[in-house]
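Open the model in a viewer and keep the sequence panel visible. The stops below follow a route through rings, a helix and charged side chains.

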Amino acid sequence: MKTPQSRSGTSLRYVPGSPPAQPHRPAMEGLVSVLSVLCIAVGGQVLLADDTVIRNAQVLTMLDGPEYRQMDLVVRDGVFANEAAAADAAVIDAAGKFVIPGLTEMHAHVPVVRFDQGGERYREDVLFLWVANGVTLARGMMGHPSHLELREALEANEVLGPRLITSGPSFSGRDRTVDGASSRVREQRAAGYDLLKIHPGLPAEVFHSVASTANDEGIEFSGHVTGSVGLIASLEAGQRTIDHLDGFVETLVESERLSNRNPSWFGADLAYEADETRIEATLDALLESGAALVPTETLLENVAGSLTELQSRDEYDYLPPNLRTGYSNAVRGSANAFTADSAKTFLDLRKRLIGAAFRAGVPVLLGSDSPQIFNVPGFSIHHELEAMAEAGLSPFEALVTGTTAPAEFYGQDHRWGSIAPGRSADLIVLRDDPLADIANTRSIDAVMVRGRYLSREELDAGLADIRERYRSPPDDA
């Protein structure tokens, strides 16, 4: 595609509004020496320097469409500032580089710390892997009480990691009574979780109790589609996001086909029978409900894919040995669910559904389901961007799913998701143009997380540390 023309000669600064609910520290473009200027560690916290200026970059604000602006970015107190930088500001020259907002991982699994198993270090690694790949916001979809503390620690700039939206512990087949499930909804609302996570297996009456109580309490419920309820009824009940395209293929077949089946991987067993003339009515139901999709397409590509190819990826080195074994066994176990033809039929159908939903105006939110089967935190979000492009989205539209679309969906577009006055200073500096090829989002030169600037050297050092600790014998798979 033709690269958009830049607006040159523009020097935009940004006005600090109320600081975003999460802070951090800084890094970028191979200037390790700048770090001593940018931050000072005090009592376990990282204090930001007064100002940081990024000069000469081609900036994709996401508010100007697919058009770059050449501008200077002034960062103060973790947000983009509109005033002139202080005389002692740290200055970073990004000439020849491209700047985009930080990306979201809208279906994440934040590890639960189990100190007797080294869980704290693993959680730190996962948070770092997200950030090192430009993920500056994660929506945790397997919540735990410790994640409430983590969310606050991230906000207080005590821990390096993406901004966190977190569910509570999931609702699933373990929830067997209406009263018990309703009580759990109220408990999670009172505890301060951002949303409820729906897992498979809920009896229909329990799901509807969760839904009605959540609506009364004013808390989102999202995730899987309850099989006994179905996609359309879940939307009518108020479910806010449909993750994994769960329940979609089932809406495209005759209802009698849903009994006496052996379900596999979100309708993979029904893909051959899908009646695509039903897609429009399904999308109409989504539009009417206001719900969003979080496709996690790369997860399905993994389970239907080649184990040899998955094990040969560079990011395989960033999986702990126990997960390498577990993920490899999971892919081996899913092999019976797919042939080469059935995998192609299933994945092609999913891509058509994603593209049709986006074109219809349904919010599509970027999420890969990491860490999960071969979805290495951070790395997998770039696979997901490529999957969005394969679904027919332009590179700019694919970036929308991971920036402005999630911010708008959560009513937070004044705080994050784009580069504009008063918004959180979350950005990625790229060596290559992502609008020319979405795969260029991997060409990361630096990441800034709420004002904390991480240079390529700092990112590489952190990655090398993880890689070394996760080394295992060649036959670990």
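**A buried ring pair**

Select Phe207 and Phe221: both are buried. This is a predicted model, and the values given at each stop are computed from it. What separates the two residues in the chain? Phe207 belongs to helix α5 (residues 204–217) and Phe221 to strand β12 (residues 220–223), so the pair, 14 residues apart, links distant parts of the chain. Now display the ring planes. The ring centres of Phe207 and Phe221 are 6.0 Å apart and the planes meet at 75°; an angle over 60 degrees is what makes the pair edge-to-face.

Move on to Phe409 and Tyr410, another edge-to-face aromatic pair, with 5.3 Å from centre to centre and 90° between the planes. Phe409 has a relative accessible area of 14%, which is under 20%, so the residue counts as buried.

In total, the model holds eight aromatic pairs.

**Along helix α5**

Return to α5 and select its 14 residues. How far apart are the C-alpha atoms at its ends? They are 20 Å apart, and this agrees with the 20 Å span expected at 1.5 Å a residue.

Next, colour the buried residues of the helix: Val206, Phe207, Ser209, Val210, Ala211, Thr213 and Ala214. Which elements do these buried residues pack against? Show α4 (178–191), β11 (195–198), β12 and α6 (231–237), which are their packing partners. β12 is also the strand that carries Phe221, the ring partner of Phe207.

Step just past the end of α5 to Gly218, where phi is positive, at about 75°.

**Rings with a charge over them**

Select Tyr316, Tyr327 and Phe374, which ring pairs link into a cluster. Then add Arg324: its charged end sits over the ring of Tyr316, 5.0 Å from the ring centre. A second case is found at Phe171, where Arg184 lies over the ring face at 4.3 Å from the centre.

**Salt bridges**

Side chains of opposite charge can pair when their charged atoms come close. The count of salt bridges in this model is 28; the next selections are examples.

Begin with Arg69 and Asp64, whose side chains meet in a salt bridge at 2.4 Å, N to O. Is each partner buried or partly exposed? Arg69 is buried, since its relative accessible area is 15%, whereas Asp64 counts as partly exposed because its value is 23%.

Go on to Arg151 and Glu152, which form a salt bridge at 3.1 Å, N to O. Arg151 is buried, with a relative accessible area of 11%, and Glu152 is partly exposed at 38%.

The next selection is Arg278 with Asp275, a salt bridge in which the closest N and O atoms are 3.7 Å apart. Here Arg278 is partly exposed, with a relative accessible area of 25%, and Asp275 is partly exposed too, at 30%.

For the last stop, select Arg121, Asp125, Asp465 and Arg469 together. What joins these four residues, Arg121, Asp125, Asp465 and Arg469, into one network? Salt bridges that share partners do.

Notes. Residues are numbered from 1 along each chain as its sequence is written. This is a predicted model: local features need pLDDT of at least 70, side-chain atom pairs count only at pLDDT 80 or more; totals for chains, interfaces and linings use all residues. Side-chain values use heavy atoms; hydrogens and water are left out. Rings of Phe, Tyr and Trp (its six-membered ring) pair if their centres lie within 6.5 Å; planes under 30 degrees apart count as stacked, over 60 as edge-to-face and the rest as tilted. Helices (H or I, at least four residues) and strands (E, at least two) are DSSP runs, numbered from the N terminus. Buried means under 20% relative accessible area, exposed over 50%, partly exposed in between (1.4 Å probe, protein chains only). A charge sits over a ring if NZ of Lys or CZ of Arg is within 6 Å of the ring centre and within 35 degrees of the ring normal. The expected span of a helix is 1.5 Å times one less than its number of residues. Contact means heavy atoms within 4.5 Å.
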